[in-house]
Amino acid sequence: MENGTEITQFILLGLTNAPELQFPLFVMFTLIYVINVLGNLGMITLILLDSPLHTPMYFFLSNLSLVDLCYSSAVTPTVLAGFLTGDNVISYNACAAQMFFFAVFASVENFLLASMAYDRYSALCKPLHYTTTMTTVLCVCLAIGSYVSGFHSGSVHTGVTFCLSFCMSNVAHHFFCDVLAVMALSCTDRHVSEMVLVFAVGSNTFFALLVILISYLFIFITVLNMRSAEGYRKALSTCASHFIAVSIFYVTNIFMYIQPSSSHSMDTDKKASVFYAMVIPMINPLVYSLRNKDVKSTFEKVVEKAKLPLG
(Lines give C-alpha, C1' and ligand atoms only; values in the text may rest on other atoms or scores of the structure.)
Protein backbone atom coordinates (compact mmCIF):
# COMPACT_ATOMS: atom_id res chain seq x y z
CA MET A 1 0.00 0.00 0.00
CA GLU A 2 1.39 3.36 -1.01
CA ASN A 3 2.33 6.08 1.45
CA GLY A 4 -0.33 8.71 1.87
CA THR A 5 -3.19 6.31 1.18
CA GLU A 6 -5.54 5.84 4.11
CA ILE A 7 -6.24 2.23 4.97
CA THR A 8 -9.86 1.07 4.61
CA GLN A 9 -9.28 -2.59 5.45
CA PHE A 10 -6.78 -4.86 7.16
CA ILE A 11 -5.40 -8.23 6.15
CA LEU A 12 -4.97 -10.63 9.05
CA LEU A 13 -2.11 -13.09 8.56
CA GLY A 14 -3.84 -15.63 10.79
CA LEU A 15 -2.22 -18.35 12.84
CA THR A 16 -0.43 -20.10 10.00
CA ASN A 17 0.00 -19.96 6.24
CA ALA A 18 0.46 -23.73 5.91
CA PRO A 19 -2.50 -25.04 3.81
CA GLU A 20 -2.30 -28.52 5.35
CA LEU A 21 -2.95 -27.07 8.83
CA GLN A 22 -6.03 -25.01 7.93
CA PHE A 23 -8.59 -27.81 8.22
CA PRO A 24 -7.15 -29.47 11.38
CA LEU A 25 -7.02 -26.05 13.09
CA PHE A 26 -10.58 -25.32 11.93
CA VAL A 27 -11.78 -28.60 13.48
CA MET A 28 -9.85 -28.01 16.72
CA PHE A 29 -11.03 -24.42 17.22
CA THR A 30 -14.60 -25.33 16.27
CA LEU A 31 -14.55 -28.00 18.98
CA ILE A 32 -13.13 -25.51 21.50
CA TYR A 33 -15.80 -22.95 20.58
CA VAL A 34 -18.64 -25.47 20.80
CA ILE A 35 -17.46 -26.56 24.27
CA ASN A 36 -17.15 -22.90 25.21
CA VAL A 37 -20.71 -22.07 24.07
CA LEU A 38 -22.29 -25.18 25.60
CA GLY A 39 -20.32 -24.84 28.85
CA ASN A 40 -21.05 -21.17 29.44
CA LEU A 41 -24.68 -21.26 28.28
CA GLY A 42 -25.14 -24.42 30.35
CA MET A 43 -23.71 -22.71 33.43
CA ILE A 44 -26.01 -19.69 32.98
CA THR A 45 -29.03 -21.94 32.43
CA LEU A 46 -28.32 -24.09 35.51
CA ILE A 47 -27.97 -21.01 37.70
CA LEU A 48 -31.20 -19.51 36.36
CA LEU A 49 -33.17 -22.75 36.79
CA ASP A 50 -32.11 -23.70 40.31
CA SER A 51 -33.24 -21.31 43.06
CA PRO A 52 -30.63 -22.58 45.62
CA LEU A 53 -28.01 -21.19 43.22
CA HIS A 54 -29.53 -17.70 43.39
CA THR A 55 -26.74 -16.44 45.66
CA PRO A 56 -24.09 -13.72 45.20
CA MET A 57 -21.41 -16.29 44.29
CA TYR A 58 -23.48 -17.76 41.47
CA PHE A 59 -24.76 -14.36 40.38
CA PHE A 60 -21.17 -13.35 39.65
CA LEU A 61 -20.43 -16.75 38.13
CA SER A 62 -23.34 -16.41 35.68
CA ASN A 63 -22.02 -13.00 34.66
CA LEU A 64 -18.53 -14.47 34.25
CA SER A 65 -19.96 -17.16 31.96
CA LEU A 66 -21.79 -14.53 29.90
CA VAL A 67 -18.64 -12.43 29.56
CA ASP A 68 -16.50 -15.46 28.62
CA LEU A 69 -19.01 -16.34 25.92
CA CYS A 70 -19.11 -12.77 24.59
CA TYR A 71 -15.40 -12.02 24.38
CA SER A 72 -14.65 -15.38 22.81
CA SER A 73 -17.46 -14.80 20.30
CA ALA A 74 -15.91 -11.45 19.36
CA VAL A 75 -12.92 -13.34 17.94
CA THR A 76 -13.53 -17.04 17.27
CA PRO A 77 -16.20 -16.90 14.49
CA THR A 78 -13.94 -14.60 12.43
CA VAL A 79 -11.01 -16.98 12.89
CA LEU A 80 -13.11 -20.00 11.88
CA ALA A 81 -14.40 -18.17 8.80
CA GLY A 82 -10.80 -17.39 7.82
CA PHE A 83 -9.82 -21.06 8.08
CA LEU A 84 -12.83 -22.10 6.01
CA THR A 85 -12.75 -19.49 3.23
CA GLY A 86 -9.13 -18.35 3.29
CA ASP A 87 -10.42 -14.74 3.30
CA ASN A 88 -8.62 -12.90 6.10
CA VAL A 89 -9.63 -9.38 5.05
CA ILE A 90 -11.48 -7.30 7.64
CA SER A 91 -12.81 -3.79 7.10
CA TYR A 92 -11.53 -0.82 9.10
CA ASN A 93 -14.83 -0.43 10.99
CA ALA A 94 -15.21 -4.17 11.63
CA CYS A 95 -11.67 -4.27 12.98
CA ALA A 96 -12.42 -1.38 15.34
CA ALA A 97 -15.65 -3.08 16.49
CA GLN A 98 -13.89 -6.40 17.11
CA MET A 99 -11.14 -4.71 19.11
CA PHE A 100 -13.70 -2.72 21.12
CA PHE A 101 -15.89 -5.66 22.13
CA PHE A 102 -12.96 -7.94 22.90
CA ALA A 103 -11.41 -5.26 25.15
CA VAL A 104 -14.78 -4.52 26.80
CA PHE A 105 -15.54 -8.08 27.83
CA ALA A 106 -11.95 -8.95 28.78
CA SER A 107 -11.94 -5.87 31.05
CA VAL A 108 -15.34 -6.77 32.53
CA GLU A 109 -13.93 -10.20 33.42
CA ASN A 110 -11.04 -8.50 35.17
CA PHE A 111 -13.41 -6.63 37.52
CA LEU A 112 -15.81 -9.56 37.94
CA LEU A 113 -12.95 -11.72 39.22
CA ALA A 114 -12.17 -9.01 41.78
CA SER A 115 -15.85 -8.88 42.83
CA MET A 116 -15.87 -12.66 43.21
CA ALA A 117 -12.77 -12.51 45.41
CA TYR A 118 -14.49 -9.97 47.67
CA ASP A 119 -17.54 -12.23 47.81
CA ARG A 120 -15.38 -15.18 48.92
CA TYR A 121 -13.70 -12.97 51.53
CA SER A 122 -17.09 -11.96 52.92
CA ALA A 123 -18.33 -15.58 52.98
CA LEU A 124 -15.27 -17.04 54.71
CA CYS A 125 -13.99 -14.21 56.89
CA LYS A 126 -17.30 -12.67 57.96
CA PRO A 127 -19.86 -15.48 57.59
CA LEU A 128 -22.25 -14.07 60.20
CA HIS A 129 -22.46 -10.77 58.32
CA TYR A 130 -22.44 -12.29 54.83
CA THR A 131 -26.13 -11.79 54.01
CA THR A 132 -26.08 -8.19 55.23
CA THR A 133 -22.80 -7.45 53.42
CA MET A 134 -23.40 -9.10 50.03
CA THR A 135 -26.86 -7.69 49.49
CA THR A 136 -28.66 -7.79 46.15
CA VAL A 137 -28.09 -4.06 45.74
CA LEU A 138 -24.32 -4.39 46.31
CA CYS A 139 -24.03 -7.36 43.92
CA VAL A 140 -25.92 -5.51 41.18
CA CYS A 141 -23.80 -2.38 41.75
CA LEU A 142 -20.57 -4.41 41.52
CA ALA A 143 -21.77 -6.07 38.31
CA ILE A 144 -22.89 -2.79 36.73
CA GLY A 145 -19.61 -1.17 37.80
CA SER A 146 -17.71 -4.00 36.10
CA TYR A 147 -19.59 -3.48 32.82
CA VAL A 148 -19.25 0.32 32.93
CA SER A 149 -15.51 0.00 33.60
CA GLY A 150 -15.26 -2.54 30.78
CA PHE A 151 -16.94 -0.22 28.28
CA HIS A 152 -14.67 2.62 29.39
CA SER A 153 -11.61 0.41 28.95
CA GLY A 154 -12.79 -0.76 25.52
CA SER A 155 -13.28 2.85 24.46
CA VAL A 156 -9.73 3.71 25.58
CA HIS A 157 -8.23 0.69 23.76
CA THR A 158 -10.04 1.48 20.52
CA GLY A 159 -9.63 5.24 20.80
CA VAL A 160 -5.85 5.29 21.35
CA THR A 161 -5.40 2.79 18.50
CA PHE A 162 -7.62 4.29 15.82
CA CYS A 163 -6.62 7.88 16.51
CA LEU A 164 -3.35 6.87 14.83
CA SER A 165 -2.86 7.16 11.08
CA PHE A 166 -2.51 4.00 8.99
CA CYS A 167 -1.00 4.82 5.64
CA MET A 168 1.58 2.12 4.91
CA SER A 169 1.14 -1.63 5.39
CA ASN A 170 -2.31 -2.98 6.18
CA VAL A 171 -1.11 -6.51 6.96
CA ALA A 172 -1.64 -7.30 10.67
CA HIS A 173 0.57 -10.04 12.07
CA HIS A 174 -2.27 -11.61 14.04
CA PHE A 175 -5.45 -13.67 13.67
CA PHE A 176 -7.75 -10.91 14.98
CA CYS A 177 -7.61 -7.16 15.48
CA ASP A 178 -5.47 -7.18 18.59
CA VAL A 179 -4.57 -3.70 19.75
CA LEU A 180 -0.80 -4.30 19.67
CA ALA A 181 -0.83 -5.84 16.20
CA VAL A 182 -2.89 -2.97 14.76
CA MET A 183 -0.84 -0.28 16.54
CA ALA A 184 2.29 -1.73 14.94
CA LEU A 185 0.90 -0.73 11.49
CA SER A 186 0.72 2.97 12.32
CA CYS A 187 2.83 5.34 10.23
CA THR A 188 2.79 7.97 12.99
CA ASP A 189 4.48 8.09 16.37
CA ARG A 190 2.61 5.66 18.62
CA HIS A 191 4.62 6.23 21.81
CA VAL A 192 1.86 8.20 23.55
CA SER A 193 -0.80 5.67 22.55
CA GLU A 194 1.35 2.81 23.85
CA MET A 195 1.91 4.61 27.16
CA VAL A 196 -1.84 5.29 27.54
CA LEU A 197 -2.56 1.63 26.78
CA VAL A 198 0.00 0.36 29.29
CA PHE A 199 -1.35 2.78 31.92
CA ALA A 200 -4.99 1.79 31.25
CA VAL A 201 -4.35 -1.97 31.30
CA GLY A 202 -1.85 -1.67 34.14
CA SER A 203 -4.11 0.41 36.40
CA ASN A 204 -7.17 -1.81 35.79
CA THR A 205 -5.15 -4.97 36.39
CA PHE A 206 -3.39 -3.50 39.44
CA PHE A 207 -6.67 -2.40 41.07
CA ALA A 208 -8.37 -5.76 40.48
CA LEU A 209 -5.31 -7.74 41.58
CA LEU A 210 -4.99 -5.59 44.70
CA VAL A 211 -8.58 -6.43 45.69
CA ILE A 212 -7.97 -10.12 44.93
CA LEU A 213 -4.66 -10.31 46.82
CA ILE A 214 -6.00 -8.50 49.90
CA SER A 215 -9.11 -10.73 49.88
CA TYR A 216 -7.01 -13.87 49.64
CA LEU A 217 -4.62 -12.64 52.32
CA PHE A 218 -7.49 -12.38 54.80
CA ILE A 219 -8.92 -15.70 53.56
CA PHE A 220 -5.51 -17.34 54.08
CA ILE A 221 -5.27 -15.97 57.63
CA THR A 222 -8.81 -17.17 58.39
CA VAL A 223 -8.10 -20.65 57.00
CA LEU A 224 -4.91 -20.94 59.09
CA ASN A 225 -6.91 -20.16 62.23
CA MET A 226 -9.53 -22.81 61.51
CA ARG A 227 -9.49 -25.73 63.93
CA SER A 228 -12.00 -27.85 62.05
CA ALA A 229 -10.59 -30.07 59.29
CA GLU A 230 -13.99 -30.02 57.61
CA GLY A 231 -14.07 -26.21 57.64
CA TYR A 232 -10.53 -26.12 56.26
CA ARG A 233 -11.45 -28.43 53.36
CA LYS A 234 -14.65 -26.50 52.64
CA ALA A 235 -12.76 -23.19 52.55
CA LEU A 236 -10.17 -24.56 50.13
CA SER A 237 -12.86 -26.12 47.96
CA THR A 238 -14.80 -22.84 47.86
CA CYS A 239 -11.79 -20.80 46.75
CA ALA A 240 -9.93 -23.29 44.56
CA SER A 241 -11.97 -22.76 41.37
CA HIS A 242 -11.78 -18.98 41.62
CA PHE A 243 -8.05 -19.08 42.36
CA ILE A 244 -7.40 -21.26 39.28
CA ALA A 245 -9.45 -18.92 37.07
CA VAL A 246 -7.64 -15.85 38.46
CA SER A 247 -4.19 -17.39 37.99
CA ILE A 248 -4.80 -18.37 34.36
CA PHE A 249 -6.41 -15.04 33.43
CA TYR A 250 -3.85 -12.70 34.97
CA VAL A 251 -0.70 -14.59 34.00
CA THR A 252 -1.78 -14.42 30.34
CA ASN A 253 -2.95 -10.80 30.65
CA ILE A 254 0.31 -9.60 32.20
CA PHE A 255 2.39 -11.59 29.72
CA MET A 256 0.60 -10.03 26.73
CA TYR A 257 0.15 -6.38 27.66
CA ILE A 258 2.25 -5.27 30.63
CA GLN A 259 5.61 -5.35 28.94
CA PRO A 260 7.58 -2.95 26.71
CA SER A 261 6.76 -3.04 23.00
CA SER A 262 10.44 -3.73 22.22
CA SER A 263 10.18 -7.12 23.94
CA HIS A 264 7.06 -8.22 22.05
CA SER A 265 7.21 -11.11 19.63
CA MET A 266 4.05 -11.27 17.52
CA ASP A 267 4.39 -15.03 17.05
CA THR A 268 4.54 -15.50 20.82
CA ASP A 269 1.67 -13.05 21.31
CA LYS A 270 -0.47 -14.99 18.83
CA LYS A 271 0.02 -18.21 20.78
CA ALA A 272 -0.80 -16.44 24.05
CA SER A 273 -3.86 -14.86 22.41
CA VAL A 274 -5.22 -18.27 21.41
CA PHE A 275 -5.09 -19.27 25.06
CA TYR A 276 -6.46 -15.91 26.24
CA ALA A 277 -9.28 -15.50 23.70
CA MET A 278 -10.38 -19.10 23.11
CA VAL A 279 -9.08 -21.55 25.70
CA ILE A 280 -9.70 -19.60 28.95
CA PRO A 281 -13.42 -19.03 28.16
CA MET A 282 -13.71 -22.79 27.59
CA ILE A 283 -11.79 -23.72 30.76
CA ASN A 284 -13.69 -21.51 33.23
CA PRO A 285 -17.07 -23.33 33.14
CA LEU A 286 -15.25 -26.68 33.31
CA VAL A 287 -13.23 -25.56 36.34
CA TYR A 288 -16.28 -24.24 38.17
CA SER A 289 -18.52 -27.20 37.33
CA LEU A 290 -16.07 -30.04 37.95
CA ARG A 291 -14.99 -28.66 41.33
CA ASN A 292 -18.42 -27.53 42.49
CA LYS A 293 -20.83 -29.92 44.22
CA ASP A 294 -23.78 -27.53 43.95
CA VAL A 295 -23.40 -27.16 40.18
CA LYS A 296 -22.93 -30.91 39.69
CA SER A 297 -25.97 -31.62 41.87
CA THR A 298 -28.10 -29.16 39.88
CA PHE A 299 -26.91 -30.66 36.61
CA GLU A 300 -27.85 -34.17 37.80
CA LYS A 301 -31.32 -32.94 38.83
CA VAL A 302 -31.86 -31.31 35.42
CA VAL A 303 -30.77 -34.50 33.64
CA GLU A 304 -33.13 -36.59 35.80
CA LYS A 305 -36.04 -34.25 35.03
CA ALA A 306 -35.22 -34.45 31.32
CA LYS A 307 -35.27 -38.26 31.49
CA LEU A 308 -38.77 -38.43 33.04
CA PRO A 309 -40.73 -37.50 29.86
CA LEU A 310 -38.57 -39.93 27.88
CA GLY A 311 -39.22 -42.69 30.40
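## Second largest cavity

Met57, Met116, Asp119, Arg120, Thr238, His242 and Tyr288 line the second largest cavity. The model is a predicted one. This cavity holds about 60 Å³ of space. By class, its lining has 3 nonpolar, 2 polar and 2 charged residues.

Two helices, H4 and H9, each supply at least two residues of this lining. H4 gives the most, with 3 residues. Helix H4 spans residues 92-125. Helix H9 covers 229-257.

## Salt bridges

The count comes to 2 salt bridges. Side chains of opposite charge can pair when their charged atoms come close. One bridge joins Asp119 and Arg120, with the closest N and O atoms 2.8 Å apart. Both residues also belong to the lining of the second largest cavity. How accessible is Asp119? Asp119 is buried, at a relative accessible area of 1%. Its partner Arg120 is buried too, with a relative accessible area of 8%. Each value falls under the 20% cut-off for burial.

The other bridge links Arg190 to Glu194. Here the closest N and O atoms are 3.0 Å apart. Arg190 is partly exposed, with a relative accessible area of 28%. Glu194 counts as buried because its relative accessibility is 18%, and the cut-off is 20%.

## Aromatic pairs

The model has 21 aromatic pairs. Phe10 and Tyr92 form one that is stacked. Their ring centres lie 6.1 Å apart, with 20° between the planes. Phe10 sits in strand E1 (residues 9-12) and Tyr92 in helix H4, so the pair ties together parts that are 82 residues apart in sequence. Phe10 is buried, at 0% relative accessibility. Tyr92 is partly exposed, with a relative accessible area of 23%.

Phe102 and Tyr276 make an edge-to-face pair. The centres are 5.7 Å apart, and the planes stand at 70°. Which parts does this pair tie together? Phe102 lies in helix H4 and Tyr276 in helix H10 (residues 266-290), so the pair ties together parts that are 174 residues apart in sequence. Phe102 and Tyr276 are both buried.

## Aromatic cluster

Phe102 and Tyr276 also belong to one aromatic cluster. The other members of that cluster are Tyr71, Phe175, Phe176, Phe249 and Tyr250.

## Largest cavity

How many cavities of 30 Å³ or more are there? The count comes to 2. The largest cavity holds about 200 Å³ of space. It is lined by 19 residues. The closest to its centre are Ala103, Ala106, Ser107, His157 and Tyr276. Tyr276 is thus named in the aromatic cluster and in this lining.

Which elements give two or more residues to the lining of the largest cavity? They are H4, helix H6 (136-162), helix H8 (191-224) and helix H9 (229-257). H4 gives the most, with 7 residues. By class, the lining divides into 11 nonpolar, 7 polar and 1 charged.

## Helix H4 across the model

Helix H4 recurs in several of these features. H4 gives the most to the lining of the largest cavity. H4 also gives the most to the lining of the second largest cavity. Tyr92 of H4 pairs with Phe10 of strand E1. Phe102 of H4 pairs with Tyr276 of helix H10.

Definitions and conventions:
Residues are numbered from 1 along each chain as its sequence is written. This is a predicted model: local features need pLDDT of at least 70, side-chain atom pairs count only at pLDDT 80 or more; totals for chains, interfaces and linings use all residues. Side-chain values use heavy atoms; hydrogens and water are left out. A salt bridge is a side-chain nitrogen of Lys or Arg within 4 Å of a carboxyl oxygen of Asp or Glu. Buried means under 20% relative accessible area, exposed over 50%, partly exposed in between (1.4 Å probe, protein chains only). Rings of Phe, Tyr and Trp (its six-membered ring) pair if their centres lie within 6.5 Å; planes under 30 degrees apart count as stacked, over 60 as edge-to-face and the rest as tilted. Helices (H or I, at least four residues) and strands (E, at least two) are DSSP runs, numbered from the N terminus. On a 1 Å grid over the protein atoms alone, a cavity is a set of points where a 1.4 Å probe fits but cannot get out, and a pocket is an open set with protein on both sides within 12 Å along at least five of seven lines; lining residues have an atom within 4 Å of a point. Grid points are joined across faces, edges and corners, and a volume is the space filled by probe spheres set on the points. Ala, Val, Leu, Ile, Met, Phe, Trp, Tyr, Cys and Pro count as nonpolar, Asp, Glu, Lys and Arg as charged, and the others, Gly among them, as polar.
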